[in-house]
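Work through the exercises below with the sequence and the 3D view side by side. Try each task before you read its solution.

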Amino acid sequence: MAYPWYIGIFMLVVLGQTWADFKVSSQDLKVHLDTQSHFKLYLTEDLSEPVLVRLDVQHTDLVAVDPSNFSVIEYDVKIWDIFVTGLNAGHSTVGVNVTPSNITDFSQAFVRVTVEKSEILYHISTVVGWIYFLAWSVSFYPQIYSNYRRKSVIGLNFDYLSLNLVGFIMYALFNCGLYWISDVELEYFRRYPKGLNPVQVNDIFFALHAVFATVITIIQCFIYEVGTQRVSTTARIIHGIFTIFILTSVILAAIKIIEWLDFLYYCSYVKLCITLIKYVPQAFYNYKRKSTVGWSIGNIFLDFTGGILSMLQMILNAYNYDDWESIFGDPTKFGLGFFSVAFDIFFIIQHYVLYRKSPTNASSDETLAKEDSYNEDKTAMLKDRCCYF
């Protein structure tokens, strides 16, 4: 089969031309205020003709670069040091623009620059972050231990428990999907080419651990005394709405009407809604019983600690990077932390003020002491029996 003559000429031109890529040594750079750092810009191949390279700064009031532009000719050097000076705290992006643009690929030649006021604040923020991560991770176990010690889950609201399980499953789906599924991660970077994957390893660990701990608590509900507790009709309706929403999203993603990344975002929206409502059933249940027995106050203190430190880290970062918009411009995360802390305070008031002298609360420690005494006597009796064999 003969090809038109102009296709042959086009192929000769393309094959005779070397395609070069501009790359950077690192796409993330941290600079202290009024100091200078640098990254390397380099070419992968020789150019077939001279080009002009220009460094574009997203926020010129935050960052200055040197050199800001330079020419590259054939057989010129292939590595350049680009110096970045932090003028004001904040986040900026330094990108590369090449003229003419048809002989090079510079789409990956960009650097996210963070200008911070204090290195000490950065380390304090990191420590605070790990402490609240541990506090939230451990917060499940006081309730599990309380159930085990009492051999009862009376006092633990099943609506709260079921909503918690669904919420953490949705959160785990979002984190695992965005971190481990390469196609979803590629779709994220197509939408936000200069962004970072928002999911870190500790996010995955926390989500999966939360699902595990909640499942353990639910298993306890099948083993220990439950009284007359059941998942309410209202909670069943809410779960039905969420189920229809998620199933619809799965079908739309499967037939490619929406992307799987959108499906994961919808999962995160369900988690957001559940976080807003999940404490209400437990608070109302305590009010109806006029008691907090069975609802672990240790869980509340750890959750309160995690929430306070989470908001503290956001405030520290906002000050260090002069990025108050991350709190007030998009208040979702801060608002959720504040909402959880507010409920924790309400639970503490219920436990220590409103229902402190209620008959059930007053007798709970005595009952537990009797149970412990009974268990000790039983253990001693079993030891005595063993002596006969």
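Helices and strands are here DSSP runs, numbered from the N terminus: a helix has at least four residues (H or I), a strand at least two (E). With that rule, Pro-67 is placed in the loop between β5 and β6. The model is predicted.

**Exercise 1. Overview**

Task: State how many helices and strands the protein has, and what share of its residues is buried.

Solution.
- Step 1. Count the elements: there are 13 helices and 10 strands.
- Step 2. Turn to burial. Of the 389 residues, 40% are buried.
- Step 3. Add the surface. The accessible surface is about 22,100 Å², and carbon and sulfur atoms hold 65% of that.
- Step 4. Look at the contacts with a separation of 6 or more. Residues 24 or more positions apart make up 76% of them.

**Exercise 2. The five-stranded sheet**

Task: Give the strand order of the open sheet and name its edge strands.

Solution.
- Step 1. Read across the sheet: the order is β2-β10-β8-β4-β6.
- Step 2. Check the directions. The pairing is mixed.
- Step 3. Find the edges. β2 (28-32) and β6 (69-72) each pair on one side only.
- Step 4. Consider the twist. On average, neighbouring strands are turned by 25° against each other, direction ignored.
- Step 5. Zoom in on one pair. β4 (residues 51-57) and β8 (residues 90-99) run antiparallel, joined by six bridges.
- Step 6. Pick one bridge: Asp-56 has Gly-95 in β8 as its partner.

**Exercise 3. Strand β5 and its two faces**

Task: Sort the side chains of β5 (residues 63-66) by the face they point to.

Solution.
- Step 1. Take one face: Val-63 and Val-65 point there, and they are buried.
- Step 2. Take the other face: Ala-64 and Asp-66 point there, and they are not buried.
- Step 3. Find the neighbour. Four bridges link β5 to β7 (residues 79-86), and the two strands run antiparallel.
- Step 4. Follow Asp-66 across. Its bridge partner in β7 is Phe-83.

**Exercise 4. Two packed helices**

Task: Describe how α2 (residues 119-138) and α6 (residues 201-223) pack.

Solution.
- Step 1. Know what to report. Two packed helices are described by the angle between their axes and the distance between the axes.
- Step 2. Give both values: the angle is about 15°, and the axes are 10 Å apart.
- Step 3. Classify the angle. Angles under 35 degrees count as roughly parallel. Therefore α2 and α6 are roughly parallel to each other.
- Step 4. Add the hand: this crossing is left-handed.
- Step 5. List the residues that meet. From α2 come Trp-130, Phe-133, Trp-136 and Ser-137; from α6 come Asn-202, Phe-205, Phe-206 and His-209.

**Exercise 5. Leu-208**

Task: Is Leu-208 buried, partly exposed or exposed?

Solution.
- Step 1. Locate Leu-208: it sits in helix α6.
- Step 2. Recall the cut-offs. Buried is under 20% relative accessible area, and exposed is over 50%.
- Step 3. Apply them. Leu-208 has 40% relative accessibility, so it counts as partly exposed.
- Step 4. Find what Leu-208 touches. Leaving out residues up to four places away in sequence, these are Ala-172, Cys-176 and Trp-180.
- Step 5. Compare sequence with space for Cys-176. It is 32 residues from Leu-208 in sequence, and 9.0 Å from it in space, C-alpha to C-alpha.

**Exercise 6. Unusual backbone**

Task: Explain what to look for in the backbone, then locate the cases below.

Solution.
- Step 1. Start with the usual pattern. Most residues other than glycine have a negative phi, and most peptide bonds are trans.
- Step 2. Look at the bond from Asp-66 to Pro-67. It is cis, with omega near 0°.
- Step 3. Look at the bond from Thr-99 to Pro-100. It is cis too, with omega near -5°. Pro-100 is in the loop between β8 and β9 (104-105).
- Step 4. Turn to phi. Lys-256 is not a glycine, yet its phi is positive, about 65°. Lys-256 lies in the loop between α7 (233-254) and α8 (260-277). At 71% relative accessibility, it counts as exposed.
- Step 5. Go to Lys-290, just after α9, where phi is positive at about 55°. Lys-290 lies in the loop between α9 and α10 (297-320). Its relative accessible area is 39%, so Lys-290 is partly exposed.

How values were computed. Residues are numbered from 1 along each chain as its sequence is written. This is a predicted model: local features need pLDDT of at least 70, side-chain atom pairs count only at pLDDT 80 or more; totals for chains, interfaces and linings use all residues. Side-chain values use heavy atoms; hydrogens and water are left out. Two strands pair if DSSP finds at least two bridges between them. Axes are lines fitted to C-alpha atoms, for helices over the stretch in contact, and angles run from 0 to 180 degrees between N-to-C directions. Buried means under 20% relative accessible area, exposed over 50%, partly exposed in between (1.4 Å probe, protein chains only). Contact means heavy atoms within 4.5 Å. Accessible areas come from the Shrake-Rupley method with a 1.4 Å probe; for residues, only the protein chains shown count as cover. Angles under 35 degrees count as roughly parallel, over 145 as roughly antiparallel, 65 to 115 as roughly perpendicular and the rest as oblique. A crossing is left-handed if the near helix is turned anticlockwise from the far one by less than a right angle, and right-handed if clockwise.
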